[in-house]
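Here is a quick tour of a fold, written for someone who would rather read geometry than prose. Have the viewer open and follow along.

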Amino acid sequence: MRKIVSTDDMTGARVRSFAPIEDRNARVLILGSMPGLASLAAGQYYAHPQNAFWRIISELLQCDPASAYPARVAALKSARIALWDVLQSCTRAGSLDASIERDTQVANDFRTFFRKHGKIGHLFFNGAKAEACFRKHVAGKINTGSIEFVRLPSTSPANASMSFARKLRAWRMIIGHATAQNGLGRTQA
């Protein structure tokens, strides 16, 4: 018997990102690529239980990783950390970044974001795909001023070759930048 494959199985579905977690005093922006299916279903960033993002952030900010999502969001804002995704929408089958269809990617409005968040001096990418999407769709199209870009290891469970301890060590660098009294300068779009 022949199996019938629907176009959804081959091409995936159009998915959309969330609004940023932001505060006008943010000094750091952490960027992912696009929320996975568990996050989209929950309406929360990094909702997959195996994603290390909230465990790492909780360790860095000295807060309870089991706290409710609004409390974790408040901790980010209090630490002057903004969180968003590079892509506003794309077509993707499943949750893996590798499944994002290249020609369907639409970036978020970073021109407006950086105008509103002129104190951001450091941008940290949560993995290679976030960095690649930003460089393709955003960098070079807007003036990011003196913002420093750093790629961190992905917190995704797909990045299983790196231990939690190694990821945590790499991610520690964001704390000093988030709590610095002075940003690197204003960005202009």
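Helices and strands here are DSSP runs, numbered from the N terminus; a helix is H or I over at least four residues, and a strand is E over at least two. With that naming in hand, Gln-62 can be placed in the loop between helix 3 and helix 4. Bear in mind that this is a predicted model.

## The overall picture

The protein comes to eight helices and seven strands. Of its 189 residues, 46% are buried. About 9700 Å² is exposed, and carbon and sulfur atoms supply 51% of that area.

How do the contacts spread along the chain? Taking those between residues at least 6 apart in sequence, 76% join residues at least 24 apart.

## A parallel sheet

Four strands make an open sheet with parallel pairing, in the order 3-2-6-7. Strand 3 (81-85) and strand 7 sit at the edges, each pairing on one side only. From one strand to the next, the twist averages 25 degrees. As a general reminder, strands of a sheet pair through backbone hydrogen bonds, either parallel or antiparallel.

Going across the sheet, strand 2 and strand 3 run parallel and are joined by five bridges, with Val-28 having Ile-81 in strand 3 as its bridge partner. Strand 2 (residues 28-32) also pairs with strand 6, in the parallel sense, over four bridges; there, Leu-29 stands opposite Leu-123 in strand 6. Strand 6 then pairs with strand 7 (residues 148-152), again in the parallel sense, over five bridges. One matching point in that pairing is Phe-124, which stands opposite Val-150 in strand 7.

## Strand 6, covered on both faces

Why is strand 6 (residues 122-126) described as largely enclosed by the rest of the structure? Five of its five residues are buried, so the strand has little left uncovered. The cover applies to both faces: His-122, Phe-124 and Asn-126 are buried on one side, and Leu-123 and Phe-125 are buried on the other.

Strand 6 also takes part in a right-handed β-α-β unit, together with helix 6 (residues 128-137) and strand 7.

## Rings around helix 6

The structure holds 14 aromatic pairs. One of them is Phe-125 with Phe-134, a tilted pair at 5.4 Å centre to centre with 55 degrees between the planes. Both Phe-125 and Phe-134 are buried. Phe-134 also forms a tilted pair with Phe-149, at 5.4 Å centre to centre and 55 degrees between the planes. That pair links distant parts of the chain, with Phe-134 in helix 6 and Phe-149 in strand 7, 15 residues apart.

Is Phe-134 buried or exposed? Its relative accessibility is 0%, so Phe-134 counts as buried. Phe-149 comes out at 24% and therefore counts as partly exposed, given that the cut-off for buried is under 20%.

## An aromatic cluster and helix 3

Elsewhere, one aromatic cluster is formed by Phe-18, Tyr-45, Tyr-46, Phe-53, Trp-54, Tyr-69 and Trp-171. Two of these names turn up again in helix 3 (residues 53-61), whose buried residues include Phe-53 and Trp-54. Seven of the nine residues of helix 3 are buried, so this helix is largely enclosed by the rest of the structure. The others on its buried list are Ile-56, Ile-57, Ser-58, Leu-60 and Leu-61.

Val-73, in helix 4 (residues 69-78), has a link to the cluster too. Leaving aside neighbours within four places in sequence, Val-73 is in contact with Ile-21 and Trp-54. The C-alpha atoms of Val-73 and Tyr-45 are separated by 9.4 Å, with their positions 28 residues apart along the chain. With 13% relative accessibility, Val-73 counts as buried.

## Two positive phi values

Most residues other than glycine have a negative phi. Which residues take a positive value here? One of them is Tyr-46, with phi near 50 degrees, found in the loop between helix 2 (37-42) and helix 3. Tyr-46 counts as buried, at 15% relative accessibility.

Gln-62 is another, with phi near 60 degrees, and sits just after helix 3. At 69% relative accessibility, Gln-62 counts as exposed.

Technical notes
Residues numbered from 1 in each chain as written. Predicted model: local features only at pLDDT ≥ 70, side-chain atom pairs only at ≥ 80, totals over all residues. Heavy atoms only, no water. Buried < 20%, exposed > 50% of the residue type's maximum accessible area, 1.4 Å probe, protein only. Pairing = 2+ DSSP bridges. Right-handed = clockwise from strand over helix to strand, strands pointing away. Axes fitted to C-alpha atoms, helices over the stretch in contact; angles between N-to-C directions. Contact = heavy atoms within 4.5 Å. Areas by Shrake-Rupley, 256 points an atom, 1.4 Å probe, with all protein chains shown as cover. Phe/Tyr/Trp six-rings, centres within 6.5 Å; stacked < 30°, edge-to-face > 60°.
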